[in-house]
Amino acid sequence: MQKYTVLKAACYTSSITMSVVGNLSPILFITFNTLYGISYSLLGLLVLINFITQLGIDLIFSFFSHKFNIPRTVKLIPIIAIIGLLIYGISPLCFKGYEYLGLSVGTVIFSAAAGLGEVLISPVIATIPAKDPDREMSKLHSVYAWGVVGVVIFATLFLFCFGKEKWYLLPLIFIVIPLVSAFLYANTKIPPIESPEKASVALSFFKDKTLWLCFFAIFFGGAAELTMAQWCSGYLEKSLGISKVWGDIFGVALFGLMLAIGRTLYAKKGKNIEKVLILGFGGAMLCYIIAAITNISLIGLFACAFTGFCVSMLWPGNLVVAAKHFEQSGVFIYALMAAGGDLGASVGPQLVGLVTDFTINNPTLLQFSKTLSLASEQLGLKFGILVAALFPLLGLLISLKLKNHED
């Protein structure tokens, strides 16, 4: 096991890089809106660009993983991330007046790295001998969650100390993490990973109904997790009146902390993943509803944060379930499940942005917001979060059906 220490460290730092890529833009939502006048729909679209890019990578590897030199591709992941973060960070300097274009280009590039990481890092960990592979997978995803906590706290304190105008230094600082990954990968050997020999072999799996149940379960799991993760900061600040610093630290960071605790607990003590998934979906649905309807800041903050604990195992747990059902599929099942999760993660945040903008610009709802003594933006975000409660609800129904299907 000792010979895999460096490889595990490389995978863990890659996972932290993914937490940077997935959470940097949401932290900066309000900053971009204030400095550059970027609308909520476009902010949601930035997240959509992120996950659609990852989805494209997922689909390519679902059917054509046999065309790639996988060990070499794994080692390219941190290099691609560095390029994307660099372009993202220099966008206000090199794309002056067209900052959104620079942000989009950088997002596409570092999202490609995140997509490759999603597809390939999990099977790399799965190839390493372990007494309990399920817990090892949960440990990998817990590293991502702990990374979220670190990214949110560091970014929030940085913006508080140096001002939002200096935001562009953040992605440049975070480049250090993929640099460490690149160094670690350069000094280790990646074991061979199985993949279908032909695209037609991959296509044959689609005839199995269980595959579709697993796909939609992780779709709704990804939507439930990422929607709150992406919108928690803006929702707490604009809808509940919590300042950005406290909202990020005690809302977003606490969400990430609860996410990390949930995954770490399962990595140490976890069992009966199917029951954990059902409880997680049900708990997340209640948290979304409470967060949306309350006008009490403290209750809203804790509802947002506790969502993190409820959704903690929805992504890795559904990945584990799918991998057990399709043990011989190799990279294929990891890529397809990543595609399902990314699709949910892209649809969810974008839907909240669309619902928010629709509410703000609708005269009837605008009048309704005055009746409730709410600003239009407050009502819009509340509607958006309430609509998002559909994701864990539908995920709960799918998980119950999957469990009954197995029984």
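Start by selecting Ile-296 in this predicted model. Is this residue buried, partly exposed or exposed? Ile-296 has a relative accessibility of 49%, so it counts as partly exposed, because the exposed class begins only over 50%. You will find Ile-296 in the loop between H13 and H14.

Now add Leu-286, Ile-290, Leu-298, Ile-299 and Phe-302 to your selection. Together with Ile-296, these residues make a nonpolar surface patch of about 580 Å². Colour helix H13 (273-293) and helix H14 (297-311): each of them supplies at least two residues of the patch. Which helix gives the largest share? That is H14, with three residues.

**Next stop: helix H9**

Select residues 176-186 to bring up H9. Show the side chains of Ile-177, Pro-178, Ser-181, Ala-182, Leu-184 and Tyr-185, which are buried. They cover an arc of only 165° around the axis, so they sit on the same side of H9. Then turn the view to the face pointing away from that buried side, where you meet the exposed residues Phe-183 and Ala-186.

What do the buried residues of H9 pack against? Show helix H1 (5-27), helix H4 (70-89), helix H6 (99-127) and helix H8 (169-174), and you have the partners of these residues.

**On to the aromatic rings**

Select Phe-32, Tyr-36, Tyr-88, Phe-110, Trp-167 and Tyr-168, which form one aromatic cluster. A search of the whole structure turns up 14 aromatic pairs. For one of them, zoom in on Trp-167 and Tyr-168: the ring centres are 6.5 Å apart and the planes meet at 85°, so this pair is edge-to-face. While you are there, note that Trp-167 is buried, because its relative accessibility is 0%.

**Last stop: a salt bridge**

Side chains of opposite charge can pair when their charged atoms come close. How many salt bridges are counted here? The count comes to one. To see it, select Arg-263 and Glu-225, whose closest N and O atoms are 3.1 Å apart. Arg-263 belongs to helix H12 (residues 244-269) and Glu-225 to helix H11 (residues 209-238), so the pair ties together parts that are 38 residues apart in sequence.

Are these two partners buried or exposed? Switch on a surface as you think about it. Arg-263 is buried, with a relative accessible area of 1%, and Glu-225 counts as buried too, at 4% relative accessibility.

Key: Residues numbered from 1 in each chain as written. Predicted model: local features only at pLDDT ≥ 70, side-chain atom pairs only at ≥ 80, totals over all residues. Heavy atoms only, no water. Patch = residues over 30% accessible without salt bridge, like charges linked within 9 Å, V, L, I, M, F, W, Y side chains within 5 Å. Areas by Shrake-Rupley, 256 points an atom, 1.4 Å probe, with all protein chains shown as cover. Salt bridge = Lys/Arg side-chain N within 4 Å of Asp/Glu carboxyl O. Helix = DSSP H or I, 4+ residues; strand = E, 2+ residues; numbered from the N terminus. Buried < 20%, exposed > 50% of the residue type's maximum accessible area, 1.4 Å probe, protein only. Arc of directions from axis to C-beta. Contact = heavy atoms within 4.5 Å. Phe/Tyr/Trp six-rings, centres within 6.5 Å; stacked < 30°, edge-to-face > 60°.
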